[in-house]
Amino acid sequence: MTVAAAAGRAEAAAPDRAARDARRRRGRRTGRGYPLFLVPGAILFLAVIAVPFGMNVWISFNRWQGVGPMTWIGLGNYRRLLADSVFWSSFWHNVLLIVAMAVVPTVLGLVVAAALFDYLGKKFGPRTASVLRACIYLPQVMPLAVMGVVWGWILAPDDGVLNSALRDVGLGSLAHDWLGDPRTALYSIMAVLVWIQIGFPLVVFMAGLQRIDPTLYEAAELDGASWARRFWHVTVPQIRPEFYVVLLMCTIAALKAFAPIYVLTRGGPSYSTDIPSYFSYQNFFEKTQVGYGAATATVLALITLVITAVFVTVQFRRRDDEEV
Amino acid sequence: MLATGRPRRTTLIMAALVAATTTLTACNSSGSGSAAGKVLTLWHYEAADSAMGLAWSQAVKDFEAAHPGVTVKVETKTFEQLQKTAAMVLNSSNAPDILEYNKGNVTAGLLSKQGLLTDLTPEVTQYGWDKKLSSNVAVTSRYSNGVMGSGDWYGIPNYAEYAMVYYNVDLFNKYHVPVPKTFADFTAAMDTFVRNGITPLADAGAEYPAQQYLYDLALSKADPAWVTDYQIKGKADFHDAAWSYAATTLADWVRKGYIAKNSVSLKATDMGNAFESGKSPMMVSGSWWYGTFESEIKNFAWGTFLWPGSSLVPGSGGNLWVVPSKSGNKQLAYDFINITLQKDVQDVIANKGAVPVAANPADVTDPKAKELIQNYDTLAASGGLAYYPDWPVPGFYDTLTAATQDLINGKDPNSVLGSLQTAYQQGLNQ
């Protein structure tokens, strides 16, 4: 009886297993088809990214004027780069740009997003919050060249809007050649970049805030938590995934920054706002030292990759820790 | 570690790789097929309503009339576009039949050295172009192993340029300042304006104008041999009398208020606007402003004079017509160049406020244009065009911009000259 029952169960189980195996086999067969879908992307990746990147690395080992024969000089360009004080100062300026384009906008964006979502949105209605969000996001959709020209006017030394405004309110002593003084040029650009960049974190964070379970806020409120405490103990931990994405994207954007420098200062005065991407561009096109420019670009790409890898690793380690 | 972390991490790293490396691949090229036979493909980068744009429309008309059945296909490019992509395009099958290209060692010189341009020497003799171009202007047409000044002819200019002092006649009259004849008059005039709370010289530190002030000052203590040493022979000494004088004087002028300290971040157009708006009584720059000022300055009288007390000024032949080695219609291209040097085309250049290389001042109707051309003839005859300070080595433009910005910001002239010497030597060793 027991044996029969067991046999019966075994018979009943056998078709199940057979079906499961069949499904698995089918799954494997159909799985084989998937790589085909990667082909267009892979071809594009090869043509637009991998091959030019490889060529760039190859060129960086040569002395070359952009046309004519190349001369192989091995690591010569890299040795020169290590000793080039203009490159290293430009590298430090890029670190400051990361502060202006990633760190400050992320922190400010989070505070503004929370204020818009949690306070202004509730007090004046979601429509007001949406309008304000759109206004803050606007610099992100405006062409950088246009913004550069407009900011050039605002920061102009004599009749610029900022200096005129300072004089009009009796603070004429603070009027300054913002982009012409090596001590203030980079900070002026950083301020412009914060203004440009803040819209992106804001939009991502506001989307993230809508995802947070409102009961968490209600519970905190019932427990008597103030707005600041709710922000710190509910909003910040809940929005952490968005936080990492925003920080990573903004950091990469800062390392790739070129247009703001090109439009506003061309790296001046006296290299005080030079950054590696502009330095590389100058070597490629203005000095026709293509090999040296390629070496700069390669170093910049490697630095970006390392920073990205660190970011992603830290992010996943934290997430893994939380899930475990 | 959870297994799900892995694929996502790879995806993210790949995405970051894509994002990071796209910066390296932002290159483009443009071009058009060069037609064999009855179409002459021509590229230039002058605005349609500029002196050169108008003159060349005239040249196209003349050319088509003289060559029935041949059409000229004019494609307007931007200066930057050609500057950055010419080498690639001329090396490909998309090269035009003829194009306007920038003169100098790092532009036309480099292309000639790489064999991308046609040697025009036989045509120069055949058409007699060398009779029309003064030897001072022809310096930028001839390259020997990529270095200008001698050797084969690779380009033909239609116009020339030189720096001068533009001045606001109304402001000079208002403050009873006579037009300076000597350098002492010049500084006295500037002192008068400073006393009246006006910055006498319009300047722009972020682009070429400040460099030209520095070079003008150096040239006032130099001779033609000095220019050849600096520009062609690669033998500049930035601690010699001329450069030392130039750097210390420029710094001094900023201190005295002749040049505004806050001109460091200004661009050339800001300088032009300062003069055009009547704010600055004087501006020292090239003849390329002349046509613009003639058409745009309506509310005050203005005039020009050459830098007082100097026989050398920044200036040269203009940009060149060059014929790519891969041009499919070389004979038609030569004919076109020849037409641009004829009287009617040259007269258009003159009457629109630019400096033609082969016009007779007697044929020019506009009195201002006549003065402009007479001044040019004087300079060209005496070999007074000393080219531009950024020409000797590639990338020197940026070095000079940084150096003059440092001077205006009060850095020690001696150390600024030291940095110029280092960059000059590095450039020569490239």
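Which strand do two bridges join to strand β4 (residues 142-144) of chain B? The tour reaches the reply after a short orientation.

**Before starting**

The model is predicted, and local features are described at pLDDT of at least 70, side-chain atom pairs count only at pLDDT 80 or more, while totals for chains, interfaces and linings use all residues. Residues are numbered from 1 along each chain as its sequence is written, and chains are lettered from A, with ligands numbered from 1, in the order in which they are written.

**Stop 1: the three-stranded sheet**

Select residues 142-144 of chain B. Strand β4(B) is joined by two bridges to β5(B), and these strands run antiparallel. Helices (H or I, at least four residues) and strands (E, at least two) are DSSP runs, numbered from the N terminus. Two strands pair if DSSP finds at least two bridges between them. Within β5(B), Val147(B) is the bridge partner of Ser144(B). Widen the selection to see an open sheet of three strands, in the order β5-β4-β6 of chain B, with antiparallel pairing. Its edge strands are β5 and β6 (152-153) of chain B, each of which pairs on one side only. Strands of a sheet pair through backbone hydrogen bonds, either parallel or antiparallel.

**Stop 2: the whole of chain B**

Now select all of chain B, which holds 19 helices and 14 strands. Its C-alpha atoms fill a box of roughly 80 × 70 × 45 Å along the principal axes. The radius of gyration of chain B is 24 Å, which agrees with the value near 22 Å for a compact globule of 430 residues. This radius is taken over C-alpha atoms, and the globule rule is 2.2 Å times the number of residues to the power 0.38. Of the 430 residues in chain B, 52% are buried. A residue is buried if 20 or more other C-beta atoms lie within 10 Å of its own, exposed if 12 or fewer, and partly exposed in between, with C-beta atoms placed from the backbone.

**Stop 3: two domains**

Colour domain 1 (39-158 + 318-359) and domain 2 (161-315 + 387-429) of chain B separately. Such bounds come from an automatic or database domain assignment. Taken over C-alpha atoms, the centres of domain 1 and domain 2 of chain B are separated by 30 Å. Where they touch, 13 residues of domain 1 of chain B are in contact with eight residues of domain 2 of chain B. Contact requires that the C-beta atoms of two residues, placed from the backbone, lie within 7 Å. On the domain 1 side, the elements giving two or more residues are α4 (105-113) and β5 (147-148) of chain B. That side of domain 1 of chain B has six nonpolar, six polar and one charged residues. In this classification, Ala, Val, Leu, Ile, Met, Phe, Trp, Tyr, Cys and Pro count as nonpolar, Asp, Glu, Lys and Arg as charged, and the others, Gly among them, as polar.

**Stop 4: the nonpolar cores**

Which residues of the largest nonpolar core touch the most other members? Select Leu250(B) and Ile349(B), which do so among its 143 residues. A nonpolar core is a set of buried Ala, Val, Leu, Ile, Met, Phe, Trp, Tyr and Cys residues joined through C-beta atoms within 7 Å. Domain 1 and domain 2 of chain B each give at least three residues to this core. Not counting residues up to four places away in sequence, Leu250(B) touches Tyr213(B), Leu214(B), Leu217(B) and Leu407(B). Another core, apart from this one, has 56 residues, including Phe87(A) and Trp178(A).

**Stop 5: strand β10 and helix α13**

Select residues 282-286 of chain B. Five of the five residues of strand β10(B) are buried, so this strand is largely enclosed by the rest of the structure. Five bridges join β10(B) to strand β8 (residues 159-168) of chain B, and the two run antiparallel. Here Ser285(B) is the bridge partner of Met164(B). Strand β9 (residues 201-202) of chain B is joined to β10(B) by two bridges and runs parallel. Next, select helix α13 (residues 268-276) of chain B, where the buried residues include Met271(B) and Phe275(B). The buried residues of α13(B) pack against β8, β9, α10 (208-219), β10 and α14 (290-296) of chain B. Just after α13(B), Gly278(B) takes a positive phi of about 85°.

**Last stop: chain A**

Finally, select chain A, which has 14 helices and two strands. Buried residues make up 34% of its 324 residues.
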